[in-house]
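Hi,

Here is the structure I said I would pass on. Have a look at it first, and then read my notes below.

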Amino acid sequence: MTKLFSLIEKLEKEKSLSLEEYQYLIENANEEAAAVLAEKADKTRRAIYGNTVFIRGLIEVSNFCKNDCLYCGIRRSNKKCERYRLTKDEILECCDEGYSLGFRTFVLQGGEDAFFSDDRLCDIVKSIKQNHPDCAVTLSLGERSEESYRKLRLAGADRYLLRHETADEAHYAKLHPEEMRFENRMNCLKNLRKLGFQTGCGFMVGSPFQTTQMIAKDLKFIEEFKPDMCGIGPFVPHRETPFADKKGGSAELTCYLLSVIRLIHPPVLLPATTALGTIDGNGREKGILAGANVVMPNLSPSSVRKKYELYNNKLSDGDESAQSKENLSKRIKKIGYEIVTARGDVYNG
Ligand code: SAM
């Protein structure tokens with residue numbers, strides 16, 4: 001057996017490789033290895049979650065952001081971004097609509113917008129939980145203080161998604177302005193975990209300046225942190241950012257890494273992301289076949305969807321919209337999986 005395939009066997013058995021081994025796995029990726037990894041990832045996922053795919057209704061609550069991440073289309077320096085924020089009533093209406101469509105998790109995502117103070121957010125989270133006690137609420141609102149996360153958790157939020165973006169500190173500094181600190185992001189993740197959130201990290205595949213060594217570090221971080229959720233999707237440039245002319249990430253490497261992550265941490269909730277669906281018409285299906293078990297259709301009011309443009313041509317309608325759930329279900333069924341109406345919590349034995 002070649003070194004590559006014996007590393008894949010080792011990963012499946014031990015759920016751990018050294019940094020050098022992860023790097024080798026990435027640098028020597030090929031179609032055959034991708035197929036073997038996907039088969040093992042699929043078997044691993046089926047042993048825990050069967051053929052079910054969980055859906056989350058994604059509500060993009062605000063595109064105001066105080067941050068200036070160099071890759072992101074809603075960064076504060078993008079003066080061409082038409083800003084909006086949803087009212088509490090609009091958010092609750094999205095949840096009501098999502099509930100009748102069969103969603104049992106609502107993800108509130110947005111830029112870091114001070115308007116969404118702890119009090120406002122806690123009030124919204126409590127109302128969602130009151131209206132739909134059988135649903136989970138996931139927040140994805142960036143870096144906040146430990147105290148703020150504690151209040152949100154006490155208000156009833158169940159999960160929090162905060163991509164670490166890169167596990168390499170020097171790389172982090174190339175993707176973010178000076179005032180954003182790697183250490184702070186990592187501390188936020190630790191705090192979220194400590195407070196009892198189902199916690200999600202993640203990174204962009206093919207982000208500017210990313211090397212295979214850095215991806216190896218991301219994998220090591222995932223191996224050690226054991227996130228409940230992990231969002232990985234290709235970097236896609238946005239025309240109004242300093243990275244407008246940078247190359248985007250590939251669907252192939254994203255799917256390859258989805259399989260690797262499934263083998264590293266079998267119970268992880270792993271979305272086939274919108275970015276993957278944006279760069280490849282069959283991205284959702286490819287992601288699921290590679291080991292992903294979550295999809296997050298867009299449940300935001302249609303009037304604002306185009307404004308939450310993180311990258312060029314970001315999908316938000318058609319089969320990306322929550323309203324097309326039936327169509328999405330059919331597509332997923334075709335490849336042997338089934339969308340279910342369930343909260344879809346992480347499996348913890
Ligand atoms: N503000 C929150 C945060 O920082 O976690 C949530 C919103 S943020 C826009 C959500 C994610 O979008 C980021 O974690 C980043 O990985 C991803 N993203 C931003 N710009 C992107 C781009 N150009 N291509 C792909 N993904 C991107």
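A quick word on terms before the sheet: I count two strands as paired if DSSP finds at least two bridges between them. Also keep in mind that this is a predicted model.

By that rule, strand β5 (residues 159-161) and β6 pair up: the two run parallel and are joined by three bridges. One place to look is Tyr 160, which sits opposite Thr 199 of β6. On its other flank, β5 is paired in the parallel sense with strand β4 (residues 136-140), this time over two bridges. There, Thr 138 has Arg 159 of β5 as its bridge partner.

Now for β7. Strand β7 (residues 229-234) pairs with β6 over six bridges, again in the parallel sense. If you want a residue to click on, Gly 200 stands opposite Met 229 in β7.

Zooming out, you get an open sheet of six strands with parallel pairing, in the order β2-β3-β4-β5-β6-β7. The edges are β2 (57-62) and β7; each has a single partner strand, so one side of each has no neighbour in the sheet. From one strand to the next, the twist averages 20°.

What about the helices around β6? Helix α8 (residues 182-194) lies across β5 and β6, at about 150° to β6. Helix α9 (residues 212-225) links up with β6 and β7 in a right-handed β-α-β unit. This helix α9 lies across β6 and β7 and runs at about 170° to β6.

So how buried is strand β6 (residues 198-205)? Eight of its eight residues are buried, so the strand is largely enclosed by the rest of the structure.

Last, the cysteines. How many disulfides does the structure hold? Zero. Cys 230 has its closest cysteine sulfur in Cys 201, but the distance is 4.4 Å, which is too far for a bond, given that a disulfide needs the two sulfurs within 2.5 Å. Cys 230 is buried, with a relative accessible area of 0%. For Cys 81, the closest cysteine sulfur is in Cys 72 at 8.7 Å, also too far for a bond. Cys 81 is buried as well, with a relative accessible area of 12%.

Cheers

Definitions and conventions
Residues are numbered from 1 along each chain as its sequence is written. This is a predicted model: local features need pLDDT of at least 70, side-chain atom pairs count only at pLDDT 80 or more; totals for chains, interfaces and linings use all residues. Side-chain values use heavy atoms; hydrogens and water are left out. Buried means under 20% relative accessible area, exposed over 50%, partly exposed in between (1.4 Å probe, protein chains only). Helices (H or I, at least four residues) and strands (E, at least two) are DSSP runs, numbered from the N terminus. A crossover is right-handed if, with the strands pointing away from the viewer, the path from the first strand over the helix to the second runs clockwise. Axes are lines fitted to C-alpha atoms, for helices over the stretch in contact, and angles run from 0 to 180 degrees between N-to-C directions. Contact means heavy atoms within 4.5 Å.
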